[in-house]
Amino acid sequence: MKVEVLYVAECPSHPAAVKLVKDVLAAEGIAADIREVLVTDERMAGELGFCGSPTIRINGRDVAGEPREVQTFTLSCRLYPGSKPIGVPPAEMIHLAVLEAREDRP
């Protein structure tokens with residue numbers, strides 16, 4: 001399973017996002033390396049389709065789903081409505097993404 005956490009420097013939610021992903025993977029009994037990707041500039045943000053910091057992807061899919069409309073990608077914080085704390089997605093969102101990735105395995 002490919003797990004990525006994309007973030008900008010000094011993102012206050014980055015460490016909490018990594019811990020949350022580790023906790024969800026451990027609860028599912030999945031041993032996976034978490035690749036932390038520092039997004040350093042606007043060009044890199046555009047190339048990665050970076051939706052804000054932190055962005056969590058499981059097997060290349062954003063745990064919050066893909067943006068419904070074309071957007072500009074920028075170096076900014078990301079908010080996850082309905083989550084406490086608001087700077088990280090709800091654990092259930094990550095859990096569902098992990099389950100979907102597990103089902104997609106050949």
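Asp62 touches Cys51, Thr55, Ile56, Arg57 and Arg78, leaving aside residues up to four places away in sequence. This residue belongs to strand E4, one of four strands that stand beside three helices in the protein chain. The model is a predicted one. The points below start from Asp62 and move outward to the sheet and then to the whole chain.

**Asp62 and its surroundings**
- Asp62 has a relative accessible area of 7%, which is under 20%, so the residue counts as buried.
- Within the sheet, Asp62 of E4 is the bridge partner of Arg57, a residue that also appears among the contacts of Asp62.
- Val5 lies 57 residues away from Asp62 along the chain, and the C-alpha atoms of the two are separated by 9.8 Å.

**Layout of the sheet**
- The four strands form an open sheet in the order E2-E1-E3-E4, and their pairing is mixed.
- Strand E2 (34-38) and strand E4 (61-62) are the edge strands, since each of them pairs on one side only.
- E1 and E2 run parallel and are joined by five bridges.
- E1 also pairs with E3, here in the antiparallel sense and over four bridges.
- E3 in turn pairs with E4, again in the antiparallel sense, over two bridges.

**Strand E1**
- Strand E1 covers residues 3-7, and five of its five residues are buried.
- Val3, Val5 and Tyr7 lie on one side of E1, while Glu4 and Leu6 lie on the other, so that both faces of the strand are covered.
- Towards E2, Leu6 has Val37 as its bridge partner, and Tyr7 stands opposite Leu38.
- Towards E3, Val5 has Ile56 as its bridge partner.

**Strand E3 and the hairpin to E4**
- Strand E3 is made of residues 55-58, and its side chains alternate: Thr55 and Arg57 point one way, Ile56 and Ile58 the other.
- These four residues of E3 are all buried.
- Thr55, Ile56 and Arg57 of this strand are among the residues that Asp62 touches.
- E3 and E4 make a hairpin with two residues between the strands.
- In this hairpin, Asn59 takes a positive phi near 50°.

**The chain as a whole**
- Along the sequence, the helices and strands follow the pattern β-α-β-α-β-β-α.
- A compact globule of 106 residues would have a radius of gyration near 13 Å, and the value for the protein chain, 13 Å, agrees with this.
- The C-alpha trace spans about 35 × 30 × 25 Å along its principal axes.
- Of the 106 residues, 41% count as buried.
- Taking contacts between residues at least 6 apart in sequence, 70% join residues at least 24 apart.

**Surface and charge**
- The accessible surface of the protein chain comes to about 6,400 Å².
- Carbon and sulfur atoms account for 54% of that surface.
- There are 12 positive and 16 negative side chains in the protein chain.
- The centres of these two sets of charges lie 2 Å apart.

Definitions and conventions: Residues numbered from 1 in each chain as written. Predicted model: local features only at pLDDT ≥ 70, side-chain atom pairs only at ≥ 80, totals over all residues. Heavy atoms only, no water. Rg over C-alpha atoms; globule rule 2.2 N^0.38 Å. Buried < 20%, exposed > 50% of the residue type's maximum accessible area, 1.4 Å probe, protein only. Contact = heavy atoms within 4.5 Å. Areas by Shrake-Rupley, 256 points an atom, 1.4 Å probe, with all protein chains shown as cover. Lys, Arg positive; Asp, Glu negative; His and termini not counted. Charge placed at Lys NZ, Arg CZ, Asp CG, Glu CD. Pairing = 2+ DSSP bridges.
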